[in-house]
Amino acid sequence: DKDPSESDAKLIESLNLDSIHQALDVAGESAGVDITGGMLGKLKQIKEILEFGFDVRLVNIKHKDRLGKLLSGQKVIHSHFSVNAKS
């Protein structure tokens with residue numbers, strides 16, 4: 001729900017297309033140099049992908065093996081953006 005480096009940040013595990021609009025209203029730009037445009041830029045791109053009918057999973061790949069585990073079906077800390085899921 002905010003920058004993960006903040007102590008009171010909470011992971012949003014899943015969002016659907018309808019709730020992306022609410023998230024876009026509160027998401028901020030990147031605090032520093034970030035070619036992705038910060039969370040706001042990521043959410044805009046995720047919204048476009050969802051509108052094409054594809055789910056998106058947002059995972060921090062700076063943590064060793066997270067992407068590999070996610071791809072192999074293991075439980076990993078990440079956010080799932082779904083066309084149909086209820087938030």
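1. Burial and overall composition. In this predicted model, 28% of the 87 residues of the protein chain count as buried. The accessible surface of the chain comes to about 6600 Å², and carbon and sulfur atoms account for 54% of that area. The chain contains three helices and three strands. Read from the N terminus, these elements follow the order β-α-α-β-α-β. Among contacts between residues at least 6 apart in sequence, 44% join residues that are at least 24 apart.

2. The sheet. How are the three strands ordered in the sheet? They form an open sheet in the order S1-S3-S2, and the pairing is mixed. Strand S1 (14-16) and strand S2 stand at the edges; each has a single partner strand, so one side of each is left without a neighbour in the sheet. From one strand to the next, the twist averages 20°. As background for the student, strands of a sheet pair through backbone hydrogen bonds, in either a parallel or an antiparallel sense.

3. The pairing of S2 with S3. Strand S2 (56-58) and strand S3 (residues 79-82) pair in the antiparallel sense, over three bridges. One residue pair can be located directly in the structure: Val 56 has Phe 81, in S3, as its bridge partner.

4. Helices against the sheet. Helix H1 (residues 17-26) lies across S1 and S3 and runs at about 105° to S1. Helix H2 also packs on the sheet, where it touches S2 and S3. The direction of H2 makes about 160° with that of S2.

5. The salt bridge. The structure holds one salt bridge. Which residues form it? The partners are Glu 51 and Lys 47, whose closest N and O atoms are 2.8 Å apart. In general terms, side chains of opposite charge can pair when their charged atoms come close. Glu 51 and Lys 47 are four residues apart in helix H2, which means that about one helical turn separates them. Glu 51 has a relative accessibility of 47% and therefore counts as partly exposed, since that class covers values between 20% and 50%.

6. A nonpolar surface patch. Ile 49, Phe 52 and Phe 54 make a nonpolar surface patch of about 360 Å². Of these residues, Phe 52 lies in the loop between helix H2 (38-51) and strand S2. Is Phe 52 buried or exposed? Its relative accessible area is 68%, and Phe 52 is exposed because the cut-off for that class is over 50%.

7. Leu 70 and its contacts. Leu 70 is placed in helix H3 (residues 66-71). With a relative accessibility of 17%, Leu 70 counts as buried, because buried means under 20%. Leaving aside residues up to four places away in sequence, Leu 70 touches Arg 57, Val 59, Val 76 and His 78. One of these contacts, with Arg 57, spans 13 residues in sequence; the C-alpha atoms of Leu 70 and Arg 57 are 9.2 Å apart in space.

8. A backbone angle to inspect. Asp 65 is found in the loop between S2 and H3. The phi angle of Asp 65 is near 70°, which is a positive value in a residue other than glycine. With a relative accessible area of 46%, Asp 65 is partly exposed.

Note on methods. Residues numbered from 1 in each chain as written. Predicted model: local features only at pLDDT ≥ 70, side-chain atom pairs only at ≥ 80, totals over all residues. Heavy atoms only, no water. Patch = residues over 30% accessible without salt bridge, like charges linked within 9 Å, V, L, I, M, F, W, Y side chains within 5 Å. Areas by Shrake-Rupley, 256 points an atom, 1.4 Å probe, with all protein chains shown as cover. Salt bridge = Lys/Arg side-chain N within 4 Å of Asp/Glu carboxyl O. Helix = DSSP H or I, 4+ residues; strand = E, 2+ residues; numbered from the N terminus. Buried < 20%, exposed > 50% of the residue type's maximum accessible area, 1.4 Å probe, protein only. Pairing = 2+ DSSP bridges. Axes fitted to C-alpha atoms, helices over the stretch in contact; angles between N-to-C directions. Contact = heavy atoms within 4.5 Å.
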